[in-house]
Amino acid sequence: MILKKKAKAVDSSVAKLKSLNVALRYELAEAKDTLRAIQNGEVDALVVCGKDGEQIFTLKNADQPYRVFVENMNEGAATLSSDGIIYYCNKCFAETLKTPIEELIGSSIYIFISLEEAKKFKNILKSDTKHGSQNSFLFKDKCNKTVPLLISMSSSDINEKDSVSIIATNMTQQVQLKEYEKLAADLSEAVRARDEFISIASHELKTPLTSLLLQSQMQLKMIKSNDPKAFEESRIRNLSQQAALHVTKLNVLVDDMLDISRLKSGGLSIRKQSVDLYELTNKVIKNLSPQLVSAGCKKPYLSGDKTVGLWDPMRLEQVINNLLINAIKYGGPSQIAVHITSSKGWAQCSIIDKGKGIPKRDQLRIFERYERAISANEISGMGMGLYISQQLIQAHDGRIWVKSENGNGSTFYFEIPLGIA
Ligand code: ADP
């Protein structure tokens, strides 16, 4: 009897367990179905029964605004795997790279970045981006056009996989703006330099012209008033010498300006012939005698021997003339010395003055066009002579340089190959 009862009780427990099992299986299937529906985006809302009654949680409503927002953003957005595969990107990202979204998804971001930039991108992608990072990169769109992008990165977790979300801001306009700003600054600097050049050039040209005009007006006045001094031989000689000096100065200035424009257009030619550098230097020194007298300088001391090479005599004369005129102008009345030497197929000329010298910081700059180490108010000049001299020496495959100590004179050197076997 007792056994029968026990057997009945066991039967009913098994039946209960069986029906519980069926109910649990049903609930599990339902939960799985709900999860699948949520994952597939088929669920709009969930009704949850709690102790305060039923509550509705809408899924679509919460997610949709973000999706719409990201899709329509004016900035590119993408999600990448940790090795750069594009999982997702928005319309703007695709437009920036001029590539359809379908083509972008699944491809590597690195096909749009230059090799050099890719290295930097990889390093940042692999580093800790949890707290976000912002860097500029040069991307290449599908048409191979460079697109500067400012990339903000932060790591995220999708289906337990490491991934990185990026926001790409196209900086093309900002870069163009910067380029335009630089261009505008360069242009206004060029206009300023041109205006300064015109003002210095007019001053330099006007000074000898004004002196010539004043001297001839004075002479005319004296002749008109029958002043016998107007016809004195010493006065006429002096006037003629002055006039020759002014005209020479004007001639040199105009020649320099023409040379600068020839150098710019590549139209400066070198006509080589056999020349004795020592002889040529001697001739230049003789021709400078009026300038030496006017500056109160002694005749430069010339040392060396006959040094023959294949050079353009007119152009070498121009260089030596420039360097000697500078030594007279900036060297004060001190004794100028010129040495001509030659060794191992090269000729060297050095021009030494004991003037105020050139500060170290200016010693390279003065060979540039229109560069000077002294203000035009102190000693006038246009900064063309050394630039032209350097170009002429370089056209002879030579080099020109200066050694100087501030306050202790300057030595200008040039050396040129003899050009004869
Ligand atoms: P410019 O004499 O017309 O200014 P240059 O090109 O011949 O033009 O010279 C450039 C600058 O180099 C000069 O303005 C001057 O500052 C400096 N310079 C040239 N030669 C000498 C020198 N012998 N001693 C000191 N400064 C010199």
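Reader: Hi! Let's start with W346: which residues is it in contact with, leaving aside its neighbours within four places in sequence?

Author: Happy to help. This is a predicted model, and in it W346 is in contact with T341, D397, G398, E415, I416, P417 and L418 once the neighbours within four places are set aside.

Reader: Where does W346 lie, in terms of secondary structure?

Author: W346 lies in strand 12, which covers residues 346-353.

Reader: And how far apart are W346 and G398, in sequence and in space?

Author: They are 52 residues apart in sequence. In space, the C-alpha to C-alpha distance is 9.0 Å.

Reader: Is that tryptophan buried, partly exposed or exposed?

Author: W346 counts as partly exposed, because its relative accessibility is 34% and the partly exposed class runs between 20% and 50%.

Reader: Let's zoom out for a second. How many helices and strands does the chain have?

Author: The secondary structure comes to eleven helices and 14 strands. The chain has 421 residues, and 33% of them are buried.

Reader: What share of the contacts with a separation of 6 or more is between residues 24 or more positions apart?

Author: Those pairs account for 56% of the contacts in that set.

Reader: How much surface does the chain expose, and what part of that comes from carbon and sulfur atoms?

Author: About 27100 Å² is exposed, with carbon and sulfur atoms supplying 57% of it.

Reader: I always ask about cysteines. How many disulfides does the structure hold?

Author: Zero disulfides. Two cysteines I can tell you about are C297 and C349: C297 counts as buried at 10% relative accessibility, and C349 is buried as well, with a relative accessible area of 1%.

Reader: Now the ligand. Which residues come nearest to it?

Author: There are 19 residues around the ligand, and N326, Y330, R372, A373 and L386 come nearest.

Reader: What does the side chain of N326 offer the ligand?

Author: An N or O atom in the N326 side chain is 2.8 Å from an oxygen atom of the ligand.

Reader: And which residues bring a backbone atom to a ligand oxygen?

Author: L386 is one of them, with a backbone N or O atom 2.8 Å from an oxygen atom of the ligand. G383 is another, with a polar backbone atom 3.2 Å from a ligand oxygen.

Reader: How much of the ligand does the protein bury?

Author: The protein buries 95% of the 530 Å² that the ligand exposes when taken alone.

Reader: Nice. Switching to charges: how many salt bridges does the structure hold?

Author: The structure holds 14 salt bridges. In one of them, the side chains of K98 and D141 meet at 3.9 Å, N to O.

Reader: Where do K98 and D141 lie?

Author: Both lie in loops: K98 between helix 3 (91-96) and helix 4 (101-104), and D141 between strand 5 (133-140) and strand 6 (146-158). The pair therefore ties together parts that are 43 residues apart in sequence.

Reader: Buried or exposed, those two?

Author: K98 is partly exposed, with a relative accessible area of 48%. D141, on the other hand, is buried at 5%.

Reader: What about R192: which residue does it form a salt bridge with, and how far apart are the closest atoms?

Author: R192 forms one with E189, and the closest N and O atoms are 2.8 Å apart. The two residues are about one helical turn from each other, because they sit three residues apart in helix 6 (residues 172-224). Both are partly exposed, with R192 at 40% and E189 at 41%.

Reader: Which residues are linked with them in a network?

Author: E196 joins E189 and R192 in a network of salt bridges. There is also a salt bridge between D195 and R194, whose closest N and O atoms are 2.9 Å apart. D195 counts as partly exposed at 39% relative accessibility, and R194 is partly exposed at 48%.

Reader: Last one: where is D259 found, and is it buried or exposed?

Author: D259 is found in helix 7 (residues 233-265), and it is buried, with a relative accessible area of 2%.

Reader: What does the D259 side chain make a polar contact with?

Author: The D259 side chain makes a polar contact with the side chain of R262, at 2.8 Å. Not counting residues up to four places away in sequence, D259 touches L268, R315, Q318 and I388.

Conventions
Residues numbered from 1 in each chain as written. Predicted model: local features only at pLDDT ≥ 70, side-chain atom pairs only at ≥ 80, totals over all residues. Heavy atoms only, no water. Helix = DSSP H or I, 4+ residues; strand = E, 2+ residues; numbered from the N terminus. Buried < 20%, exposed > 50% of the residue type's maximum accessible area, 1.4 Å probe, protein only. Contact = heavy atoms within 4.5 Å. Areas by Shrake-Rupley, 256 points an atom, 1.4 Å probe, with all protein chains shown as cover. Disulfide = S-S within 2.5 Å. Polar contact = N/O pair within 3.5 Å; in protein donor to acceptor, adjacent residues only side chain to side chain. Near = heavy atom within 4 Å. Salt bridge = Lys/Arg side-chain N within 4 Å of Asp/Glu carboxyl O.
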